[in-house]
Amino acid sequence: MHDTRDLRADNEQPERREKSHETSENTLPRRAFLRLALAGVATAGVGAKSIMAPDREAPESSPASPYALVIDATKCRGDGACVEACRLQNGLPKGESYIHLLPGGTEQASLFLPVQCQHCASPPCATVCPTNATYARPDGVVLVNTKLCVGCKYCMTACPYQARIFDEDRGVVDKCWLCLDRISEGKSPACVEACVVGARIFGQTEDPESQVSQLIASGVAKPLHPEFGTRPSILTYIIEE
Ligand code: SF4
């Protein structure tokens with residue numbers, strides 16, 4: 001991974017946005033789904049307001065144990081459990097979450113694509129930040145130091161996944177922080193725990209026996225829109241069976 005920003009240990013982490021739960025008629029071919037997905041993200045990602053979650057201390061980085069979160073869209077039922085778990089875990093207002101759930105698929109099979117911060121190794125959100133409020137830890141987790149954020153929203157525009165939201169009450173931008181508080185306690189992120197169909201697989205890539213390592217090594221789990229050049233370091237997706 002490469003990040004031109006200073007990597008700081010004293011961070012803070014806040015919250016973010018989104019609605020979803022939308023379950024519409026799924027008539028698009030799977031091949032076109034990602035195009036729809038990102039188009040949907042583009043409209044859904046901006047305009048978050050009034051997020052009341054408190055600042056949180058981000059635990060120490062563990063660079064020797066990079067995390068991985070594989071989202072198996074072929075299993076996702078679109079019930080929004082991950083969206084709501086994220087909201088509750090991060091103390092977000094009703095209707096807000098760090099996860100967007102976008103519908104798609106075919107007439108024969110539904111497909112849902114949950115989108116959140118991809119924790120990019122080349123994060124444009126960090127590049128445009130005038131105060132270095134956004135930065136990446138050595139293990140790839142991209143965080144926002146809300147004490148440094150001036151609320152300019154450049155990062156919201158720069159993120160091609162529209163993964164950021166603006167907290168109008170605090171005047172800062174925030175996003176998924178991988179539930180580092182839970183991870184430090186040996187737990188999985190709240191979205192992973194809430195997904196009863198196993199569409200979210202979380203682990204550490206240093207363990208070749210882990211399910212995430214094997215999914216990534218097999219090539220079945222791939223980054224979302226690699227052509228963006230952002231090099232997602234933690235999130236990968238299984239789109240087709
Ligand atoms: Fe930044 Fe967006 Fe990448 Fe997250 S997904 S690291 S917010 S560019």
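## A three-stranded sheet, its covering helix and the surrounding core

Helix H7 (residues 211-218) lies across strands E3, E10 and E11 and runs at about 100 degrees to E10. This arrangement is taken from a predicted model. The account below begins with the sheet under that helix, then turns to helix H2, the nonpolar core, a hairpin and the ligand shell.

### Overall composition

The protein contains 7 helices and 11 strands. Of its 241 residues, 49% count as buried. Among contacts in the protein with a separation of 6 or more, 72% are made by residues 24 or more positions apart.

### The sheet E10-E3-E11

Three strands make up an open sheet, in the order E10-E3-E11, and their pairing is mixed. Its edge strands are E10 (200-204) and E11 (235-238), each of which pairs on one side only. On average, and with direction ignored, neighbouring strands of this sheet are turned by 20 degrees against each other.

The mixed character can be followed strand by strand. Strand E3 (residues 67-72) pairs with E11 in the parallel sense, over 4 bridges. With E10, E3 pairs in the antiparallel sense, over 5 bridges. Individual partners of E3 residues are listed here.

| Residue in E3 | Residue opposite | Strand of the partner |
|---|---|---|
| Val-70 | Thr-236 | E11 |
| Ile-71 | Arg-200 | E10 |
| Asp-72 | Ile-238 | E11 |

How many of the residues of E3 are buried? The count is 6 of 6, and the strand is mostly covered. Tyr-67, Leu-69 and Ile-71 point one way from E3, whereas Ala-68, Val-70 and Asp-72 point the other way. Both sets are buried, and the charged residue Asp-72 is included among them.

### Helix H7 and Val-212

Val-212 belongs to helix H7. Is this residue buried or exposed? Val-212 counts as buried because it has 20 C-beta neighbours inside 10 Å, and the cut-off for burial is 20 or more. Leaving aside residues up to four places away in sequence, Val-212 touches Ala-68, Val-70, Ile-201, Phe-202, Gly-203 and Thr-205. Of these contacts, Ala-68 and Val-70 point to one side of E3, together with Asp-72. Val-212 and Thr-236 are 24 residues apart in sequence, and their C-alpha atoms are 9.4 Å apart in space. Thr-236 is also the residue of E11 that stands opposite Val-70.

### Helix H2 and the nonpolar core

A loop connects E3 to H2, and Arg-77 lies in it. Arg-77 is partly exposed, because 13 other C-beta atoms lie within 10 Å. Its C-alpha atom is 7.9 Å from that of Val-197, although the two residues are 120 positions apart in sequence.

Why is helix H2 (residues 81-89) described as largely enclosed by the rest of the structure? The reason is that 7 of its 9 residues are buried. These are Ala-81, Cys-82, Val-83, Ala-85, Cys-86, Arg-87 and Gln-89. The elements that cover them include E4, E5, helix H6 (190-194) and E10. Just after H2, Gly-91 takes a positive phi of about 65 degrees.

In soluble globular proteins, nonpolar side chains tend to be buried together. Here the largest nonpolar core has 61 residues. Those with the most contacts inside it are Leu-69, Ala-73, Cys-82, Cys-86, Val-173, Leu-178 and Cys-191. Leu-69 comes from strand E3, while Cys-82 and Cys-86 are buried residues of H2. Cys-191 touches both of these cysteines, as well as Ala-85, Ile-99 and Arg-200, not counting residues up to four places away in sequence. Arg-200 is in turn the bridge partner of Ile-71 in the sheet.

### The E4-E5 hairpin

E4 and E5, which were named above among the elements covering H2, form a hairpin with 4 residues between them. Strand E4 (residues 100-105) and E5 run antiparallel and are joined by 6 bridges. One of the pairs consists of His-100 and its bridge partner in E5, Val-115. Strand E5 (residues 110-115) has 5 of its 6 residues buried, and it is therefore largely enclosed by the rest of the structure.

### The ligand shell

There are 14 residues around the ligand, and those that come nearest are Cys-117, Cys-120, Pro-123, Cys-125 and Cys-159. By type, the shell divides into 9 nonpolar, 3 polar and 2 charged residues.

Technical notes:
Residues numbered from 1 in each chain as written. Predicted model: local features only at pLDDT ≥ 70, side-chain atom pairs only at ≥ 80, totals over all residues. Pairing = 2+ DSSP bridges. Helix = DSSP H or I, 4+ residues; strand = E, 2+ residues; numbered from the N terminus. Axes fitted to C-alpha atoms, helices over the stretch in contact; angles between N-to-C directions. Contact = placed C-beta atoms within 7 Å. Near = placed C-beta within 6 Å. Buried ≥ 20, exposed ≤ 12 C-beta atoms within 10 Å, placed from the backbone. Core = buried A, V, L, I, M, F, W, Y, C linked by C-beta atoms within 7 Å.
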